[in-house]
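Please look through the structure below with its helices in mind, and follow the text with the model open beside you.

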Amino acid sequence: MNHKLLRPLHSIPYFGWLLLFVIAPILLIVYYSFFDLSGNFTLGNYVNFFTSTYFKLTLSSFWYAFLITFFSLLISYPTAYFLTKTKHKQLWLLLIIIPSWINLLLKTYAFIGLLGLYGPINAFLELTGLEKQQLLFTNFSFVFVSVYIFIPFMILPIFNALDKLNPALIDAARDLGATQWTTFTKVIFPLTMNGVKSGIQVVFIPALSLFMITRLIAGNKVITLGTAIEQQFLVTQNWGMGSTIAVFLILFMFIIMLLTSQKEGAKRNEKN
């Protein structure tokens with residue numbers, strides 16, 4: 001049988017999965033966004049989203065997602081760089097990635113124990129003569145725990161980009177008299193930008209919709225689009241408003257993916 005005739009058949013499972021688990025849920029969310037609590041068709045949900053409350057909520061979500069992504073990148077890039085210089089770099093990378101295999105809920109509860117009033121951190125403060133501090137339910141604890149959780153996902157693409165970097169380019173820059181800072185800013189960082197963009201995608205997009213960590217670590221101090229969706233669906237039972245927020249969240253994620261997408265021309269230049 002001709003292989004060209006089999007190619008459309010091979011793609012059926014992929015397109016079937018895409019239709020059932022990606023397109024259909026999105027269409028269902030869009031459908032529910034046009035109904036109010038009484039089940040009547042309305043555009044009021046979209047009008048309400050542009051009120052000051054949801055506008056502030058959106059800005060807050062983007063701000064915390066930016067902070068989480070920024071600190072993750074700030075820690076991950078030098079870590080990935082030094083990993084590529086170590087002798088057993090794959091082993092060290094594996095040790096960093098292993099914590100990401102642990103269930104997110106378990107890691108969150110572990111931090112509740114560490115940061116709690118009777119946790120080891122406050123016990124250490126008491127030993128040093130300081131008073132106990134309420135470390136939980138603060139903006140700092142939320143960002144700190146989120147950064148810890150997302151760091152492995154930021155390190156991996158940056159590590160791969162740095163590991164594939166041609167060392168001859170760095171040697172050439174140094175031979176031409178470039179300083180270490182110039183070599184980094186003009187050679188290393190631009191050539192690893194695709195890894196940075198991939199890391200930003202896998203951190204910023206999930207950080208924009210966090211809800212479990214915000215509830216358990218930050219309490220009611222941090223409200224994001226993810227927590228707003230959870231509240232609309234599970235507390236107020238307003239599926240229409242919850243779906244409307246989810247529609248805008250999907251749009252924001254799509255825009256972020258477009259902004260951080262890798263250009264084909266850049267990929268060809270790397271190969272050359």
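**A walk through the helices**

There is a kink of about 35° in helix 2, centred on Leu 19. Helix 2 covers residues 12–32, and its 21 residues should span 30 Å at 1.5 Å a residue, which agrees with the 28 Å between its end C-alpha atoms. As this is a predicted model, it helps to ask how confident the predictor was: the mean pLDDT of the protein is 88, and 93% of its residues reach 70 or more.

That confidence varies along the chain, and among the elements of the protein helix 8 has the highest mean pLDDT, 94, whereas helix 15 (residues 264–271) has the lowest, 47. Over residues 264–272 the pLDDT stays under 50, and for this stretch the model has 5 contacts beyond four places in sequence.

Helix 8 deserves a slower look. With 25 residues, helix 8 reaches 35 Å from its first C-alpha to its last, which is close to the 36 Å expected at 1.5 Å a residue. Helix 8 also bends by about 40° at Phe 150, and a proline, Pro 152, follows within four residues.

Ile 149 is another residue of helix 8, and Ile 149 counts as buried because its relative accessibility is 6%, where the limit for a buried residue is under 20%. Leaving aside residues up to four places away in sequence, Ile 149 touches Leu 104, Lys 107 and Ile 213. The C-alpha atoms of Ile 149 and Pro 99 are separated by 8.3 Å, although the two residues are 50 residues apart along the chain.

From here we can turn to the interior. The largest nonpolar core has 54 residues, and Ile 68, Phe 142 and Ile 245 are those with the most contacts inside it. Several helices each supply at least two residues of this core, among them helix 3 (44–49), helix 6 (104–115), helix 11 (193–208) and helix 14 (239–259). Helix 8 gives the most to this core, with 12 residues. Phe 142 shows what such contacts look like in detail, since residues touching Phe 142 from beyond four places in sequence include Tyr 64, Ile 68, Leu 210, Ile 213 and Val 222.

A polar residue can be followed in a similar way. Ser 76 lies in helix 4, which runs over residues 52–85, and Ser 76 counts as buried because its relative accessibility is 0%. Beyond four places in sequence, the residues that Ser 76 touches are Ile 151, Met 154, Ile 155 and Ile 158.

How many salt bridges does the count come to? The count comes to 2. In one of these salt bridges Asp 163 pairs with Lys 89, with the closest N and O atoms 2.6 Å apart. Asp 163 lies in helix 8 (residues 139–163) and Lys 89 in helix 5 (residues 89–97), so this pair ties together parts that are 74 residues apart in sequence. Asp 163 counts as partly exposed at 32% relative accessibility, and Lys 89 is partly exposed as well, with a relative accessible area of 24%.

Glu 230 forms a salt bridge with Arg 215, and here the closest N and O atoms are 3.0 Å apart. Because Glu 230 lies in helix 13 (residues 225–234) and Arg 215 in helix 12 (residues 212–216), the pair ties together parts that are 15 residues apart in sequence. Glu 230 is partly exposed, with a relative accessible area of 22%, and Arg 215 counts as partly exposed at 29% relative accessibility.

Methods: Residues numbered from 1 in each chain as written. Predicted model: local features only at pLDDT ≥ 70, side-chain atom pairs only at ≥ 80, totals over all residues. Heavy atoms only, no water. Buried < 20%, exposed > 50% of the residue type's maximum accessible area, 1.4 Å probe, protein only. Contact = heavy atoms within 4.5 Å. Salt bridge = Lys/Arg side-chain N within 4 Å of Asp/Glu carboxyl O. Expected span 1.5 Å × (residues − 1). Bend = angle between axes of the 7 residues up to and from the residue. pLDDT = per-residue confidence, 0-100. Core = buried A, V, L, I, M, F, W, Y, C linked by side-chain atoms within 4.5 Å.
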